[in-house]
Amino acid sequence: KWRSLFDGKTLAGWMPSEFESGGAVKVENPFRGGPGAIVIAAGTTLSGFTWTKGGELPRENYEITLEAMKLTGSDFFCGLTFPVGKSACSLIVGGWGGMVVGISCIDNADASENETTTSRDFRSERWYKIRLRVTPKKLEAWIDDEQAVDFETEGRRLDLRFGEIKHSLPLGISAYETRAALRDISLRLLPPEE
């Protein structure tokens, strides 16, 4: 069963991430005539929000889904930081000038520099459905039901990029110099792999 992590009305369970020059984070309900959304204002660098109930989070065998919209800006509008095993990584959507999708970091290489790197056009003012799956052997991600990441993790070093992204731990969503909206954030457990 999917568990909603955003009630559409408040930041319950979340707090603004402690980024040094982050923009404001607020809920707009309704958002443009539709369901409520969490709006991240563009900061000098990173802005975003972090889950406050880390002890409840799984480390593997789970999926997260959300919808993300870039409002203004030219860099990533969804940096989803998530737990994986004893570490954590970030799924970057729309980075490095607005087109890069990938996982940061794998063997110390950013989302723009490892084999998960792909690129695609992202339009402003459009919702994108993002789904992430974490299992003991793989990291997978889909954007609008098109698979963007299919990465086997065995023998690889998974970690966060050095710097302020640590303030997204244990689970967080961030944007870089970009104003973004997020909604429909949900998590579900998966059965253990055979």
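Strands in this account are DSSP runs of E, at least two residues long, numbered from the N terminus. With that in hand, the predicted model can be introduced through one of its residues, V93, which is found in strand β8, covering residues 87-95.

V93 makes a good starting point for a first look. Its relative accessibility is 0%, so V93 counts as buried. Leaving out residues up to four places away in sequence, V93 touches F76, F77, C78, V100, V101, F122, I130 and I143. A further relation concerns A111, which is 18 residues from V93 in sequence, while the two C-alpha atoms are 9.3 Å apart in space.

From this one residue the view can widen to the whole protein. The secondary structure comes to 15 strands and 0 helices. Along the principal axes, the C-alpha atoms fill a box of roughly 45 × 35 × 30 Å. The radius of gyration is 15 Å, which agrees with the value near 16 Å for a compact globule of 194 residues. Buried residues make up 52% of the 194 residues. Among the contacts with a separation of 6 or more, 65% are accounted for by residues 24 or more positions apart.

The strands can be followed next. Strand β8, the home of V93, belongs to an open sheet of 7 strands, in the order β2-β5-β14-β7-β8-β9-β10 and with antiparallel pairing. At the edges of this sheet are β2 and β10 (118-119), each of which pairs on one side only. Strands β2 and β5 run antiparallel and are joined by 3 bridges. Within this pairing, P16 stands opposite F49 in β5.

Attention now turns to the nonpolar interior. The largest nonpolar core has 43 residues, and F82 and L91 are those with the most contacts inside it. Another core lies apart from it, with 8 residues that include F19, A88, I92 and L160. As for F82, its contacts beyond four places in sequence are Y62, A88, C89, S90, L91, I103, L132, V134, L139, P170 and L171.

Aromatic side chains add another layer to the picture. A pair of aromatic rings is described by the distance of the centres and the angle of the planes. The count in this model comes to 7 aromatic pairs. In one of them, W14 and F49 meet edge-to-face, at 5.0 Å centre to centre and with 85° between the planes. W14 lies in strand β2 (residues 14-16) and F49 in strand β5 (residues 46-51), so the pair ties together parts that are 35 residues apart in sequence. W14 is buried, with a relative accessible area of 6%, and F49 is buried as well, at 0%. A second edge-to-face pair is formed by F122 and Y128, with 5.1 Å centre to centre and 75° between the planes. F122 counts as buried at 9% relative accessibility, and Y128 does so at 2%. F122 has already appeared above, as one of the residues touched by V93. W14 and F49 also belong to an aromatic cluster, formed together with W51.

Charged side chains are found over some of these rings. R126 lies over the face of Y128, at 4.1 Å from the ring centre. At W142, the charged end of R131 sits over the ring, 3.9 Å from its centre.

Two loop residues complete the tour. T153 is found in the loop between β13 (146-152) and β14 (172-176). Although T153 is in a loop, its relative accessibility is 9%; the cut-off for burial is under 20%, so T153 counts as buried. Neighbours within four places in sequence aside, T153 is in contact with P136, K137, K138, L139 and L158. L139 is also among the residues touched by F82.

G97 offers a contrasting case. G97 is found in the loop between β8 and β9 (100-104). With a relative accessible area of 52%, G97 is exposed, whereas V93 in β8 is buried. Not counting residues up to four places away in sequence, G97 touches S74 and D75. G97 and P192 are 95 residues apart along the chain, and their C-alpha atoms are separated by 38 Å.

Key:
Residues are numbered from 1 along each chain as its sequence is written. This is a predicted model: local features need pLDDT of at least 70, side-chain atom pairs count only at pLDDT 80 or more; totals for chains, interfaces and linings use all residues. Side-chain values use heavy atoms; hydrogens and water are left out. Helices (H or I, at least four residues) and strands (E, at least two) are DSSP runs, numbered from the N terminus. Buried means under 20% relative accessible area, exposed over 50%, partly exposed in between (1.4 Å probe, protein chains only). Contact means heavy atoms within 4.5 Å. A nonpolar core is a set of buried Ala, Val, Leu, Ile, Met, Phe, Trp, Tyr and Cys residues joined through side-chain atoms within 4.5 Å. Rings of Phe, Tyr and Trp (its six-membered ring) pair if their centres lie within 6.5 Å; planes under 30 degrees apart count as stacked, over 60 as edge-to-face and the rest as tilted. A charge sits over a ring if NZ of Lys or CZ of Arg is within 6 Å of the ring centre and within 35 degrees of the ring normal. Two strands pair if DSSP finds at least two bridges between them. The radius of gyration is taken over C-alpha atoms; the globule rule is 2.2 Å times the number of residues to the power 0.38.
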